[in-house]
Amino acid sequence: ETLRAGFTRLLGVAFWFVLFGPFGAVLFRLTHSLHEYWHAQIPERDQFLSHVDRLKTLLDWLPVRVIAFSFAIAGNFQGAMECWRNQAWQWRERNEGVLLAAGAGAIGVRIGGAMPLPNASLERAELGTGHEADPEYLEGAAALIWRVTLFWLAILFLLKLGELAA
């Protein structure tokens, strides 16, 4: 959840803000908010909900891959790339699988598997390598998100500095 929230609330918003300003950031965040709200309120899919799903998938495609590669740079590069390449396709939602697999590989943790629910168990693909996820890895996930944020802020600063120098 930390990797997903870091993407939807910080990194994805910043990505679209850099490309299209406030309009891009609001469109990205609004699409994610509508997706989360309507999937909780309307379990059966209707035509409008499928349009929101497609827009969310489209808006996520490029930033997810940029952020996943950034996770590899800021964390364990080999682990992140191997997990992305070999495990991401197993996740139900492909973009989310890329993000979670690269993030788990970069941290060196294994996520997914069976999730106990009140009346049943939800089976999910296992992503990542290393130890089972526990509360100690939460700090690692948050630190990875901050390293990626600082990495992209430094790149944007250098680009702006180069623009001013020219």
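These legends go with four close-up views of a predicted model.

**Close-up A. The largest pocket and the residues around its centre.**
Start here with the largest pocket, which holds about 810 Å³ of space. Its lining is made up of 29 residues, and those nearest the centre are Arg-4, His-35, Arg-92, Glu-93 and Glu-96. If you are tracing the wall along the chain, look to α1 (2-41), α2 (47-74), α4 (94-107) and β2 (121-128), each of which gives at least two residues to this lining. Helix α1 contributes the most, with nine residues. Sorted by class, the lining of the largest pocket has 14 charged, eight nonpolar and seven polar residues.

**Close-up B. The second largest pocket and its lining.**
Now turn to the second largest pocket, where the space comes to about 450 Å³. Here 20 residues form the lining, with Glu-1, Thr-2, Ile-111, Gly-112 and Ala-133 lying nearest the centre. Helices α1, α4 and α5 (136-165) and strand β1 (109-116) each supply at least two of the lining residues. Strand β1 has the largest share, with four residues. By class, the lining of the second largest pocket holds twelve nonpolar, six charged and two polar residues.

**Close-up C. Helices α4 and α5 where they cross.**
This view follows two helices whose axes come within 10 Å and cross at roughly 110°. Angles of 65 to 115 degrees count as roughly perpendicular, so α4 and α5 are roughly perpendicular to each other. Their crossing is right-handed. On the α4 side, the contact is made by Gly-103, Ala-106 and Ile-107, and on the α5 side by Tyr-137, Gly-140, Ala-141 and Leu-144. Of the residues in this contact of α4 with α5, five are nonpolar, two are polar and none is charged.

**Close-up D. Helices α3 and α4 packed together.**
Helix α4 appears again, this time with α3 (residues 77-87): the two pack at an angle of about 150°, and their axes are 7 Å apart. Since angles over 145 degrees count as roughly antiparallel, α3 is roughly antiparallel to α4. The crossing of α3 and α4 is right-handed. To find the contact, look for Gly-79, Ala-80, Cys-83 and Trp-84 of α3, which meet Val-98, Ala-101, Ala-102, Gly-105 and Ala-106 of α4. The contact of α3 with α4 has seven nonpolar residues, two polar residues and no charged ones. If you have just come from the previous view, you may recognise one residue of α4: Ala-106 takes part in the contact with α5 and also in the contact with α3.

Note on methods:
Residues numbered from 1 in each chain as written. Predicted model: local features only at pLDDT ≥ 70, side-chain atom pairs only at ≥ 80, totals over all residues. Heavy atoms only, no water. 1 Å grid on protein atoms, 1.4 Å probe; cavity = no way out; pocket = protein on both sides within 12 Å on 5 of 7 lines; lining within 4 Å. Points joined across faces, edges and corners; volume = space filled by probe spheres on them. Nonpolar A, V, L, I, M, F, W, Y, C, P; charged D, E, K, R; others polar. Axes fitted to C-alpha atoms, helices over the stretch in contact; angles between N-to-C directions. Parallel < 35°, antiparallel > 145°, perpendicular 65-115°, else oblique. Left-handed = near helix turned anticlockwise from the far one by under 90°. Contact = heavy atoms within 4.5 Å.
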